[in-house]
Amino acid sequence: MQIDLPKIFISPSNYIQAKNILFNADPYLSRYGTKAVIVGDENVYGLVGDRFIDYLKDNDYTVTKLMFGGEASPEEIQKAIDEIKDPPDFVIGIGGGKTLDTAKEIGQHLNIYTVIIPTLASTDAPISRLSVLYNEDGTFNAYQFHTKSPDLVLVDPAVISQAPPRFLASGFGDALSTYVEAKAVGDIHGFTNAQGIGTITAMKIAQASTDTIFEFGAQAYEANKAR
């Protein structure tokens with residue numbers, strides 16, 4: 001029996017945004033278990049990651065700390081997986097896009113829950129159901145599509161506001177292009193990365209992103225400059 005082309009909407013299971021949410025995250029993390037592996041780079045650990053690990057340990061989580069080497073490459077991802085000796089309940093990625101894509105790959109490979117904590121508002125990596133992989137020399141390798149979106153995204157404005165404003169400006173560009181891309185695909189009823197036809201919900205979210213940036217973008221940028 002032939003069916004119509006499916007309309008598919010995908011998104012993270014949970015998105016939570018609040019000031020200082022990282023240090024009040026236990027009620028949201030505990031549903032995924034008590035054994036976590038966290039992926040971040042040296043700068044992010046110094047900024048907030050080490051304090052967050054202390055918070056987790058104070059709340060009786062077992063934490064394995066992994067150091068992100070700077071490139072979301074298959075070699076880097078495999079190296080991180082090899083360092084994990086005790087199977088965790090969930091992986092936490094904290095940092096920028098490449099770190100988060102690495103964490104999502106680890107979650108996919110180990111078939112565990114994935115928690116994403118962005119420290120920059122520069123890309124849609126925190127919520128996308130894919131990882132952009134690179135070669136060791138920084139050149140593009142492949143898009144790696146996942147079977148599910150992140151289980152939890154935690155956004156702390158107290159952290160985001162400390163990032164250089166140029167990353168917020170990059171995020172504006174990324175978000176504005178999303179609506180143009182979504183409309184182009186929608187106008188021809190084309191397939192999305194979800195392997196289906198886009199929904200009204202997806203288009204409305206893309207439109208709302210554009211409207212929000214035009215209304216509040218300049219104010220947000222100045223606020224970011226003032227930290």
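This tour moves through a predicted model one selection at a time.

**The largest nonpolar core**

Begin by selecting Leu29, Phe52 and Ile92, which have the most contacts inside the largest nonpolar core, a set of 25 residues. Next, colour the elements that each supply at least two residues of this core: strands S2 (35–40), S4 (90–95), S5 (113–118) and S8 (152–155), together with helix H2 (42–58). Of these, H2 gives the most, with 7 residues. As general background, nonpolar side chains in soluble globular proteins tend to be buried together.

Now centre the view on isoleucine 92 and display what surrounds it. Leaving aside residues up to four places away in sequence, isoleucine 92 touches Ala36, Val37, Ile38 and Val39, as well as Phe52, Leu56, Ala103, Val115 and Ile117. Another core, of 18 residues, lies apart from the one just visited; Leu66, Ala80, Ile106 and Ile160 are among its members.

**Helix H4 and the residue after it**

Select helix H4, residues 97–110. The 14 residues of H4 should span 20 Å at 1.5 Å a residue, and its end C-alpha atoms are 20 Å apart, so the two values agree. H4 is mostly covered, with 10 of its 14 residues buried. To see them, select Gly97, Thr99, Leu100, Asp101, Thr102, Ala103, Lys104, Glu105, Ile106 and Gly107.

Then step to asparagine 111, just after H4, in the loop between H4 and S5. Its phi is near 55 degrees, a positive value in a residue other than glycine. In general, most residues other than glycine have a negative phi. Is asparagine 111 buried or exposed? Asparagine 111 has a relative accessible area of 68% and is therefore exposed, since the cut-off is over 50%.

**The second largest pocket**

Select Asp41, Val44, Gly96, Thr119 and Leu120: among the 13 residues that line the second largest pocket, these are the closest to its centre. The space in this pocket is about 230 Å³. H2 and H4 are the elements that give two or more residues to its lining.

**Helix H6 and the loop beyond**

Move to helix H6 (165–187). H6 has 23 residues and reaches 34 Å from its first C-alpha to its last, close to the 33 Å expected at 1.5 Å a residue. Its buried residues are Pro165, Leu168, Gly171, Phe172, Ala175 and Tyr179. Which helix do the buried residues of H6 pack against? Their partner is H7.

Before turning to that helix, select histidine 189, in the loop between H6 and H7. Histidine 189 follows just after H6 and takes a positive phi of about 55 degrees. With 59% relative accessibility, histidine 189 counts as exposed.

**Helix H7**

Finally, select helix H7, residues 200–225. H7 has 26 residues and reaches 35 Å from its first C-alpha to its last, close to the 38 Å expected at 1.5 Å a residue. Where does H7 bend by about 60 degrees? The place to look is phenylalanine 216.

Display Ala206, Thr210, Ile213, Gly217 and Asn224, which are buried in H7. What covers the buried residues of H7 includes H6 and helix H5 (157–160). The last stop is arginine 227, which follows H7 and has a positive phi, near 60 degrees.

Technical notes:
Residues numbered from 1 in each chain as written. Predicted model: local features only at pLDDT ≥ 70, side-chain atom pairs only at ≥ 80, totals over all residues. Heavy atoms only, no water. Core = buried A, V, L, I, M, F, W, Y, C linked by side-chain atoms within 4.5 Å. Buried < 20%, exposed > 50% of the residue type's maximum accessible area, 1.4 Å probe, protein only. Helix = DSSP H or I, 4+ residues; strand = E, 2+ residues; numbered from the N terminus. Contact = heavy atoms within 4.5 Å. Expected span 1.5 Å × (residues − 1). Bend = angle between axes of the 7 residues up to and from the residue. 1 Å grid on protein atoms, 1.4 Å probe; cavity = no way out; pocket = protein on both sides within 12 Å on 5 of 7 lines; lining within 4 Å. Points joined across faces, edges and corners; volume = space filled by probe spheres on them.
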